[in-house]
Amino acid sequence: MPEAFITNISFPKSLDEVLYFIEERGKFDVQEVMTSDYVEWTAPKDAFIGEPVFFMHSKTSIDTIRRLKGELKRFQDDIEPETFDVLHQALNEGEDIYREIGGAIFARGTVCGDIIVDNIATEDGLHWRSKYYAPIDSILLIKPPIHIDEFRDFITVSRTGAITKLTSEQCQKLQEMRF
């Protein structure tokens with residue numbers, strides 16, 4: 001039986017989505033986790049109160065950031081100067097954050113309430129499709145973050161979705177690395 005899960009956070013997939021996060025939320029998803037002690041986050045529909053959650057910034061996010069930087073440069077003449085500046089700064093900030101926590105588990109929290117069903121991702125045209133979110137509190141940053149190279153020999157992070165369920169043994173080994 002799974003005893004914890006990793007939620008793998010990727011970078012926005014389009015320039016429009018980058019702009020959405022900056023204009024609507026004022027920050028990227030990873031920044032929200034890094035600066036909050038409570039979030040409502042993508043979770044398995046069977047997540048339970050008290051379940052540990054590990055937040056990871058996806059290893060492939062750097063590829064997305066670089067692709068978007070190239071796209072921004074190609075379309076610079078078609079974008080309003082103010083919008084270009086906002087996007088340019090956001091992508092540079094995303095790259096800085098990636099250098100710090102990319103491909104690593106950077107925070108831990110605990111599910112603190114019942115699953116919430118919400119269609120915000122599909123309604124707002126965001127890149128993920130999950131409608132299941134868990135209230136998560138007691139978020140602690142892990143310093144230094146646990147890079148995937150440190151745990152890939154006993155955990156295979158899902159490549160098809162944001163959630164990787166962990167056994168009690170995997171959870172224990174992961175926690176022993178920094179706690």
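Okay, let's start at the end of a helix: right after α4 comes Gly 103, and its phi is positive, near 70 degrees. Keep in mind that this is a predicted model.

Now back up into α4 itself. How far apart are its end C-alpha atoms? They're 30 Å apart, and since 21 residues, 81-101, at 1.5 Å a residue should span 30 Å, the two values agree.

So which residues of α4 are buried? Going along the helix, you've got Phe 84, Leu 87, Ala 90, Leu 91, Gly 94, Glu 95, Ile 97, Tyr 98 and Ile 101. Those cover an arc of only 165 degrees around the axis, which puts them on the same side of α4. You may recall the general point here: an α-helix has 3.6 residues a turn, so residues three or four places apart point the same way. Flip to the face turned away from that buried side, and the exposed residues there are Pro 81, Glu 82, Gln 89 and Arg 99.

What sits over the buried residues, then? The cover includes helices α1, α2 and α3, plus strands β3, β4 and β6.

Let me pick one residue from α1, namely Leu 19. Leu 19 counts as buried because its relative accessible area is 15%, and the cut-off is under 20%. Leu 19 and Phe 84 are 65 residues apart along the chain, yet 9.9 Å separates their C-alpha atoms. Leaving out neighbours within four places in sequence, Leu 19 has contacts with Glu 24, Thr 83, Val 86 and Leu 87.

On to the cores. The largest nonpolar core has 18 residues, and the ones touching the most other members are Val 33, Phe 55, Phe 106 and Ile 136. At least two residues of this core come from each of β1, α2, β2, β3, α4, β4 and β6. There's also a second, separate core of 17 residues, with Phe 11, Leu 68, Phe 84 and Leu 91 among them.

Zoom in on Val 33 for a second. Not counting residues up to four places away in sequence, Val 33 touches Ile 9, Trp 41, Phe 55, Phe 106, Ala 107, Ile 139 and Leu 141.

Last stop is α7, residues 168-178, where we find Gln 170. Is Gln 170 buried or exposed? Buried, with a relative accessible area of 17%. And what does its side chain reach? The Gln 170 side chain gets to the backbone oxygen of Phe 154, at 2.9 Å. Outside its neighbours within four places in sequence, Gln 170 is in contact with Phe 154, Ile 155 and Lys 165.

Note on methods
Residues numbered from 1 in each chain as written. Predicted model: local features only at pLDDT ≥ 70, side-chain atom pairs only at ≥ 80, totals over all residues. Heavy atoms only, no water. Helix = DSSP H or I, 4+ residues; strand = E, 2+ residues; numbered from the N terminus. Expected span 1.5 Å × (residues − 1). Buried < 20%, exposed > 50% of the residue type's maximum accessible area, 1.4 Å probe, protein only. Arc of directions from axis to C-beta. Contact = heavy atoms within 4.5 Å. Polar contact = N/O pair within 3.5 Å; in protein donor to acceptor, adjacent residues only side chain to side chain. Core = buried A, V, L, I, M, F, W, Y, C linked by side-chain atoms within 4.5 Å.
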